[in-house]
Each structure stands twice: as structure tokens, then as C-alpha cells.
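Trainee: Got a minute to go through this model with me? I'd like to know where the labels come from.

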Amino acid sequence: MSETHDPKDAHAGHADVDHHVRAAYYVFGSLLVLTGFTVAAWTLHLPTRSAITLALLIAVVKGSLVAGWFMHLVSERRLIYWVLALTAAFFVPLLLVPVLTSSSALHP
């Protein structure tokens, strides 16, 4: 009743694990490099709007890497992307409501 293990299957399993570990190292390295870009962007002393735009761009890329790889959204089905898009479609206007309804924003 003992099963025989084929060495080819074991090698395929190790290769798959090695592939995932290597990809995790690449994502980790990318996050480190992007953190360096964030620090370098701070030292540029850009105008406020440019600095915020650059910081948000770097943060979106880093957040996408974290969500895609470490939260395993890369391998999810299409439904999860539609749910995320719907959430973002409602979240962004909610963030803009205070800005658009503020009296100082309407009358500069």
C-alpha cells in the first residue's frame, strides 16, 4: 500500500517552488528600489502638486505589487477584478465629496 514517488515529480515541485521564491525576491527587490525612489523624490524639493503626484504614482505601483503578489491577486479570476474596480469607482467619488462640497473650494 505504499506509494512510489517518481523523482521527476519531486524535481518539478522544487522547480515550481524555486520559481515562486525567485519571483518573491524580485518583487521584494522592486519594493526596495521603489522605496529608494520615494526617498530620492523627497530630496528633489519639487513643487507641492508635482511631489504629491510623484509620491502617489510610486505608492500605486508599490501597492499594486503588494496586492498582486503577496495578496495573490495575480492568480485570481476576473470576478475579483470587477469587484475591485467597482469598489474603486465608488471610493474615489467619496474621497472627492469633501473637496467638492467645501465652501472654500467653491469660492477661492
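Mentor: Sure, let's take the labels one by one. This is a predicted model, where local features need pLDDT of at least 70, side-chain atom pairs count only at pLDDT 80 or more, and totals for chains, interfaces and linings use all residues. Residues are numbered from 1 along each chain as its sequence is written, and side-chain values use heavy atoms, with hydrogens and water left out.

Trainee: Why is V66 called partly exposed?

Mentor: Buried means under 20% relative accessible area, exposed means over 50%, and partly exposed is in between (1.4 Å probe, protein chains only). V66 has 34%, so partly exposed is the label.

Trainee: And what makes H45 exposed?

Mentor: Its relative accessible area is 66%, which is over 50%, so H45 counts as exposed. H45 lies in the loop between helix 1 (7-43) and helix 2.

Trainee: What is notable about the phi of H45?

Mentor: Phi there is near 55°, a positive value in a residue other than glycine. Most residues other than glycine have a negative phi.

Trainee: How do you know that the span of helix 2 is close to the expected one?

Mentor: The expected span is 1.5 Å times one less than the number of residues. Helix 2 has 23 residues, with 33 Å expected, and reaches 32 Å from its first C-alpha to its last. By the way, helices are DSSP runs (H or I, at least four residues), numbered from the N terminus.

Trainee: Which residues does V66 touch beyond its neighbours within four places in sequence?

Mentor: L31 and M71, where contact means heavy atoms within 4.5 Å.

Notes
Helix = DSSP H or I, 4+ residues; strand = E, 2+ residues; numbered from the N terminus.
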